[in-house]
Amino acid sequence: MTTTQDPTTGTPVSFLNLVADHAEVRDELDAAWDAVVSTGGFVGGAAVAEFEAAFAEYQQGAFCVGVANGTDAIELILSALGLGPGDDVIIPANTFIATAEAVAHTGANVVFADVDPGTLLITGAAIDAAVTPNTKAVIAVHLYGQMVDMDDIGAAIERHNLLLVEDAAQAHGAEWNGVRAGASSAAAAFSFYPGKNLGALGDGGAVVTNDADLEERIRSMSNHGRSLTSRYEHDVLGRNSRLDSLQARALLIKLRKLDGWNDNRRQAAQWYRANLPEAIVPLEIRSEAVAVHHLGLVQVPVGERDNICAALDAAQIGWGIHYPVPCHEQVAFQGADPVSMPVTEAAAPRILSLPMHPHLTEADVIRVCEVIRGCTAVA
Ligand SMILES: *Cc1c(COP(=O)(O)O)cnc(C)c1O
């Protein structure tokens, strides 16, 4: 360990590095843009169909429908399953706000459940505690790039006879016992927001499912409720939530890179484990899981996060907090009776996301760990 080094003089470490990701495929992206402009087809079409087929196969699902973003993907799944006013949908309190928004926009009631202290993911016991006579579905959020314990959740779903929907916006390519999101539930929702493991050059999203009827309903609902066989017939209330051709071409190109990029993230996670001081606790990764480390999430000692963040700032190292205010404490989602989610609430002031991306080097990770070690309370 080099205690004499001035941390402010080292190389900056960025939180994400989309420029480096895209540099690897820049020629292909430029050619794709060219092809899209030359053909004049900008929404849907062959590029979208080709991406949908490739992504369904990648996720081990039968069908994929490209949509405008990940939030719409969740909402479309819930609506196509017939969920709405009068139904309770359980989601983890520890998730990005979009999971809760998607439920609320269907008219269904958001019911929060607590998470496991090691993985910070929803558990079967938390579902048992949250279930009501009106509960119809659970959204399992594979947060931070690790799938929830699908055996535990699957048993709870069976106990209470519920539908299982997956929010896989942070888990492209992640596995539980060799099975990927979308392969063993009603459907999984994906986001292709640029910073996700598989990101578009703008917004994008997808639904992966094995259910042919659900696929048809979502395909129609995401395209103005248009009949799939008759262009001018609208049998269901739809909306506009489609994937652009340019995004589909970019996603096809980047999908070929995804396994290698996820391998790099796993390598970076190992470097963190080897170099972080003991007081900094990385996310627990279960032995059944193949994690894709969307975020470099750690838990720091209570009261130390501000000091660590200030040291990271001084050293020009990127960081984030996912998420400092849990969903059930957000004003928009506070019901009449406040609920208590002790594990989520205890984790919120301790979580910190360190730089995590496919182009992180071992030297970058060692530098981040040394700067954290320089904060005396955790050294
Ligand atoms: C990003 C994200 C979403 C929403 O995806 P958008 O494409 O931004 O709408 C939903 N859930 C989780 C867990 C996410 O990380």
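**Exercise 1. A buried glutamine**

Find which backbone atom lies 2.8 Å from a polar atom of the side chain of Gln247, and decide whether Gln247 is buried or exposed.

Step 1. The partner is the backbone nitrogen of Leu201, with 2.8 Å between this atom and a polar atom of the Gln247 side chain. A polar contact is a pair of N or O atoms within 3.5 Å; within protein, one atom must be able to donate a hydrogen and the other to accept it, and sequence neighbours count only through two side-chain atoms.

Step 2. Gln247 sits in helix H9. Helices (H or I, at least four residues) and strands (E, at least two) are DSSP runs numbered from the N terminus.

Step 3. Gln247 has a relative accessibility of 7%, so it counts as buried. The classes are buried under 20% relative accessible area, exposed over 50%, and partly exposed in between, with a 1.4 Å probe and protein chains only.

A note before going on: this is a predicted model, in which local features need pLDDT of at least 70 and side-chain atom pairs need pLDDT 80 or more, while totals for chains, interfaces and linings use all residues. Residues are numbered from 1 along each chain as its sequence is written, and side-chain values use heavy atoms, without hydrogens or water.

**Exercise 2. Around the ligand**

Work out which residues come nearest to the ligand, and how much of the ligand the protein buries.

Step 1. The shell holds 13 residues, of which Gly70, Thr71, Asp167, Ser191 and Lys196 come nearest. A residue is near if one of its heavy atoms lies within 4 Å.

Step 2. Now look at the polar atoms. The side chain of Thr71 places an N or O atom 2.5 Å from a ligand oxygen. For Asp167, the side-chain N or O atom is 2.8 Å from a ligand nitrogen. Ser191 brings a polar side-chain atom to 2.6 Å from a ligand oxygen.

Step 3. On its own the ligand exposes 380 Å², and the protein buries 92% of this area. These areas come from the Shrake-Rupley method with a 1.4 Å probe; for residues, only the protein chains shown count as cover.

Step 4. Helices H4 (70-80) and H5 (97-105) each supply at least two residues of the shell.

**Exercise 3. Salt bridges across the chain**

Count the salt bridges, then ask: which parts of the chain does the pair Asp72 and Arg239 tie together?

Step 1. The count comes to 13 salt bridges, each a side-chain nitrogen of Lys or Arg within 4 Å of a carboxyl oxygen of Asp or Glu.

Step 2. In the bridge between Asp72 and Arg239, the closest N and O atoms are 3.2 Å apart. Asp72 belongs to helix H4 and Arg239 to the loop between helix H8 (212-221) and H9, so the bridge ties together parts 167 residues apart in sequence. Asp72 is buried at 15% relative accessibility, whereas Arg239 is partly exposed at 23%.

Step 3. Glu28 and Arg256 also meet in a salt bridge, at 3.2 Å from N to O. This pair links helix H2 (residues 26-39), home of Glu28, to helix H9 (residues 245-275), home of Arg256, with the two positions 228 residues apart. Here Glu28 is partly exposed at 37%, and Arg256 is exposed at 61%.

Step 4. Lys136 and Asp87 form another bridge, with 2.6 Å between the closest N and O atoms. Lys136 lies in strand S4 (residues 135-141) and Asp87 in the loop between H4 and strand S2 (88-92), 49 residues apart.

**Exercise 4. Backbone checks**

Locate the cis peptide bond that involves Tyr323, and say what sign phi has in Gln60 and His293.

Step 1. Start with the usual picture: most residues other than glycine have a negative phi, and most peptide bonds are trans.

Step 2. The cis bond joins His322 and Tyr323, with omega about 15°. Tyr323 is placed in the loop between helix H10 (305-314) and helix H11 (342-347).

Step 3. Gln60 has a positive phi of about 65°. Its place is the loop between helix H3 (46-58) and strand S1 (63-67), and Gln60 is partly exposed at 36%.

Step 4. His293 has a positive phi too, about 40°. This residue is in the loop between strand S11 (289-290) and strand S12 (296-299), and His293 is buried at 11%.
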